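Welcome! Take a moment to look at the sequence and turn the 3D structure around before reading on.

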Amino acid sequence: MPFTIYEYHDLVHLLEEHADWRAELRRLLLPSELMGDVYALTAAQRQFDERLVSLAEDIKALAVAQDRTDQQIQELILAQRRTDERLASLAEDIKA
């Protein structure tokens, strides 16, 4: 009995709906060495994704810390200006 294009599309549709069927088909079609590579790649991808999420969280934390540092620098600049003004005023008083 020939396998028609319609049956092929039906098969593709069923495989899209059933992950366990895809896994079984992979096991039957791919050599065991390649399946080991597939599992290793899947594990590596999962580790990469987890690390990426961790790095994104670290970057957010660094951005918050940078904002705090920027605010503190602005406060220090204002304090330095006030100190410079007071020093200039004292210097004027000493001259007078």
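Here is a short briefing on this structure, grouped by topic. Keep in mind that the model is predicted. The chain has 96 residues, and its secondary structure comes to 3 helices and 0 strands.

**Confidence**
- Averaged over the chain, the pLDDT is 92, and 99% of the residues reach 70 or more.
- Among the elements, helix 3 (residues 32-95) has the highest mean pLDDT, at 95, while helix 2 (residues 19-29) has the lowest, at 88.

**Overall shape**
- Following the chain from the N terminus, you meet its elements in the order α-α-α.
- How far does the C-alpha trace span along its principal axes? The answer is about 115 × 30 × 15 Å.
- The radius of gyration of the chain is 33 Å, whereas a compact globule of 96 residues would have one near 12 Å.

**Surface and burial**
- Just 2% of the residues of the chain count as buried.
- The accessible surface of the chain adds up to about 8,800 Å², and carbon and sulfur atoms account for 62% of that area.

**A nonpolar patch**
- Which residues form a nonpolar patch on the surface? They are Phe3, Ile5, Tyr6, Tyr8 and Leu11, and together they have about 590 Å² of accessible area.
- One of these patch residues, Tyr6, can be found in helix 1, which covers residues 5-17.
- Is Tyr6 buried or exposed? Tyr6 counts as exposed because its relative accessibility is 64%, and the cut-off for exposed is over 50%.

**A salt bridge**
- Side chains of opposite charge can pair when their charged atoms come close.
- How many salt bridges does the structure hold? There is 1 salt bridge, and Arg27 forms it with Glu24.
- The closest N and O atoms of Arg27 and Glu24 are 2.6 Å apart.
- Both residues, Arg27 and Glu24, belong to helix 2. They are 3 residues apart there, which is about one turn of the helix.
- Arg27 has a relative accessible area of 48%, so Arg27 is partly exposed.
- Glu24 is partly exposed too, because its relative accessible area is 37%.
- Both values fit the partly exposed class, which lies between the cut-offs of under 20% for buried and over 50% for exposed.

Definitions and conventions: Residues numbered from 1 in each chain as written. Predicted model: local features only at pLDDT ≥ 70, side-chain atom pairs only at ≥ 80, totals over all residues. Heavy atoms only, no water. Patch = residues over 30% accessible without salt bridge, like charges linked within 9 Å, V, L, I, M, F, W, Y side chains within 5 Å. Areas by Shrake-Rupley, 256 points an atom, 1.4 Å probe, with all protein chains shown as cover. Salt bridge = Lys/Arg side-chain N within 4 Å of Asp/Glu carboxyl O. Helix = DSSP H or I, 4+ residues; strand = E, 2+ residues; numbered from the N terminus. Buried < 20%, exposed > 50% of the residue type's maximum accessible area, 1.4 Å probe, protein only. pLDDT = per-residue confidence, 0-100. Rg over C-alpha atoms; globule rule 2.2 N^0.38 Å.
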